[in-house]
Amino acid sequence: SRREVFAVAQLGPIHLADDKASAVARLVEMLREAHARGARWVTFPELALTTFFPRYIYDDPAEYDQFYEEGLPSPAMVPLFEEAKRLGVGFYLGYAEKVTEGGETHRFNTAVLVSPNGDILGKYRKIHLPGTKDPIGDLEFEHLEKRYFEVGDLGFPTFATPSGRFGMCICNDRRWPETFRTMALRGAEVFMLGYNTPTRNIHHPEPAHLREFHNRLSLESAAYQNGAWVMAAAKCGAEDGFAMIGGSAIVAPTGETVARCVSEEDEVISYACDLDLGAYIRRSVFDFKRHRRPEHYGPITGQ
Ligand code: CDT
């Protein structure tokens, strides 16, 4: 077996008035707790440095640029990068990324993967952006990810790490089986993801319990159908009164949830994951080479 302790660090609310330094201090505290439990890797949430700002309407980049990071590590991230390197803990971190290349500015909803020795292994830029570009006029809040982010341009890469091959995705990506299958076909044994999921679906009225159920269903099916571990970290609780679900979880390749947060606050969960556990699934029922029939999957690849 190949056992390694993985942690998921759930964040409670970050309010609009909270500064990035206080958010990063909370991440560092959870990193230390994860390290004290023997964790080699920590998964933090999507947009982990700020409130979930796509709920608000801004027109001018001068108003919303405050939420983005430039460079890696950005100045705000430095304490986390330094402490993680000192402790020898690798991590996944979600953040709003602003890049200027060739005189053009781009904004993405991004996650970075950092190795336990402090090397930046790579980035993922969110591909399935939910919500709208223009406000829908909901009385409570909006979901304007298409306004504040471009569709990710890096595909679904996977990364060789000292503990195996990992893939990353972000929030809404977890609802799409193509996300995980693409990474699994590229050899991923661990999927890391962060999320901010409003408790109320403003686009479709549905019973409240479905939000939690669909989160869990997506994580467990992704794990089982690809024979991989899933590390899923929520930012949750009520940010300035806007409620988001918790339910951060570690899911085994059997599809079984082995650890789950019980609060809607900052909370660390961990598990000694056997990375060989998925191998029998990938050798048997989901041996892609022997059993997949891509010649019959035309519509999925747009053929
Ligand atoms: N952050 C994010 O992607 N949230 C979405 C909300 C969907 S409702 C517009 C999610 O899939 O959880």
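The exercises below, each with a worked solution, concern the ligand and the cysteines of a predicted model.

**Exercise 1.** Find how many residues surround the ligand, and sort this shell by class.

*Solution.* Begin with the count, which gives 14 residues around the ligand, the closest being Lys126, Cys171, Asn172, Arg175 and Thr197. Next, sort the shell by class, which yields 3 nonpolar, 5 polar and 6 charged residues. Finally, consider the space that the ligand takes, which is the second largest pocket.

**Exercise 2.** Identify polar atoms of Asn172, Asn196 and Thr197 that lie within 3.5 Å of a ligand atom, and then state how much of the ligand the protein buries.

*Solution.* Start with the side chain of Asn172, where an N or O atom is 2.8 Å from an oxygen atom of the ligand. Turn then to Asn196, which takes part through its backbone, since a polar backbone atom there is 3.1 Å from a nitrogen atom of the ligand. With Thr197 the side chain is again involved, and a polar atom of it lies 2.6 Å from an oxygen atom of the ligand. For the last step, take the ligand alone, which exposes 360 Å², and note that the protein buries 95% of that.

**Exercise 3.** Determine how many disulfides the model has, and decide whether Cys171 and Cys273 are buried or exposed.

*Solution.* A disulfide requires two cysteine sulfur atoms within 2.5 Å, and by this rule the count is 0. Cys273, for example, is in no disulfide, and the nearest cysteine sulfur, that of Cys261, is 14 Å away. For burial, the cut-off is under 20% relative accessible area. Cys273 has 0% relative accessibility and therefore counts as buried, and Cys171, at 5%, counts as buried too.

Conventions:
Residues numbered from 1 in each chain as written. Predicted model: local features only at pLDDT ≥ 70, side-chain atom pairs only at ≥ 80, totals over all residues. Heavy atoms only, no water. Near = heavy atom within 4 Å. Polar contact = N/O pair within 3.5 Å; in protein donor to acceptor, adjacent residues only side chain to side chain. Areas by Shrake-Rupley, 256 points an atom, 1.4 Å probe, with all protein chains shown as cover. 1 Å grid on protein atoms, 1.4 Å probe; cavity = no way out; pocket = protein on both sides within 12 Å on 5 of 7 lines; lining within 4 Å. Sits in = over half its atoms within 2 Å of the grid points. Nonpolar A, V, L, I, M, F, W, Y, C, P; charged D, E, K, R; others polar. Buried < 20%, exposed > 50% of the residue type's maximum accessible area, 1.4 Å probe, protein only.
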